[in-house]
Amino acid sequence: MLILVVILLIISFFLNFFIGLKILRKNIFILDKTVLIDTNFLKILENPIFTNQNLEIIIPKFVVEHFEEFLKSKNIIDFEMGNAALENVNFLEQNKNLEFKIVGVNRENLLPQDAQILSLAKKYKAKILTNDFELYLKAKLSNVKIINLGRIKELFQEKIKLGDILSVYLFSREGNFVISYFHDGTKVLVEDAKDYLHKKILCKIYKISKNLDEGRIFAKFMKIDD
């Protein structure tokens, strides 16, 4: 009996330990220049997609220095851009709902700035948040997690709603679903459609899932779309 109690205590200890690790695990994002000048960035940051997470935001020091140089410019557009970006940095510094830090890069590091951002992402096991399509492609090729801020903005725009009927072409299978894609690239998972692979069908939306990596639409097969 005593042995059983000890075993149960050990199991309970490890369960609490691993659950605690999961709770404490941070969701780290590295921001580039294009995000700091995005007028929608702070609004998006207040969305539950971000606020419900143990969030840490990192900005490379050279990004901040880039906009500090803009403040010295006589060009009013550059000045306003630099000022707006640094106001966003100040907001992040003052935000008590997240951890924030500016990270320096070795001055001897002669790598291009995109490569330095990719290196930081690997070092901190972070995701990159950007509006830069070239950086997005480089990250994908380097197996670094990256999110396009424009994609998140699209997710927040209610283009579709529950009960809407979609006409989609079924491409492949995934578990119990058959896969298609909405016109903006959002994955559509269709139930009860295994017999209609590589055909155009009508389906009815019953769930819309939004997360940082990709949105998903769940729908049920209705009939073949002639």
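**View 1. A nonpolar patch sits on the surface of this predicted model.** Six side chains make it up: Ile37, Leu71, Ile76, Ile77, Phe79 and Met81, sharing about 510 Å² of accessible area. Accessible areas come from the Shrake-Rupley method with a 1.4 Å probe, and for residues only the protein chains shown count as cover. To join a patch, a residue needs over 30% relative accessible area and no salt bridge; nonpolar side chains (Val, Leu, Ile, Met, Phe, Trp, Tyr) are linked within 5 Å, like charges within 9 Å. A salt bridge here is a side-chain nitrogen of Lys or Arg within 4 Å of a carboxyl oxygen of Asp or Glu. Met81 belongs to helix H6 (residues 76-94); helices (H or I, at least four residues) and strands (E, at least two) are DSSP runs, numbered from the N terminus. Met81 counts as partly exposed because its relative accessibility is 30%; buried is under 20%, exposed over 50%, partly exposed in between (1.4 Å probe, protein chains only).

A quick note on the numbers: residues count from 1 along each chain as its sequence is written, and side-chain values use heavy atoms, leaving out hydrogens and water. As this is a prediction, local features need pLDDT of at least 70 and side-chain atom pairs pLDDT 80 or more, while totals for chains, interfaces and linings use all residues.

**View 2. Two residues with positive phi share the loop between S9 and S10.** Most residues other than glycine have a negative phi. Asp192, however, has phi near 60 degrees, and His198 comes in at about 65 degrees. The loop runs between strand S9 (187-191) and strand S10 (200-209). Asp192 is exposed, at 57% relative accessible area, whereas His198 is partly exposed at 48%.

**View 3. Five parallel strands line up in an open sheet.** The order is S3-S2-S1-S4-S5, with S3 (99-103) and S5 (146-148) at the edges, each pairing on one side only. Neighbouring strands are turned by 25 degrees against each other on average, direction ignored. Pairing takes at least two DSSP bridges; S1 (residues 27-31) and S4 (residues 127-130) have three. In one of these strands, S4, Ile128 is the bridge partner of Ile30.

**View 4. Helices H5 and H8 lie across strands of the sheet.** H5 (residues 61-70) crosses S1, S2 (55-60) and S3, at about 60 degrees to S2. H8 (residues 133-141) lies across S4 and S5, at about 150 degrees to S5. Contact means heavy atoms within 4.5 Å; axes are lines fitted to C-alpha atoms, for helices over the stretch in contact, and angles run from 0 to 180 degrees between N-to-C directions.
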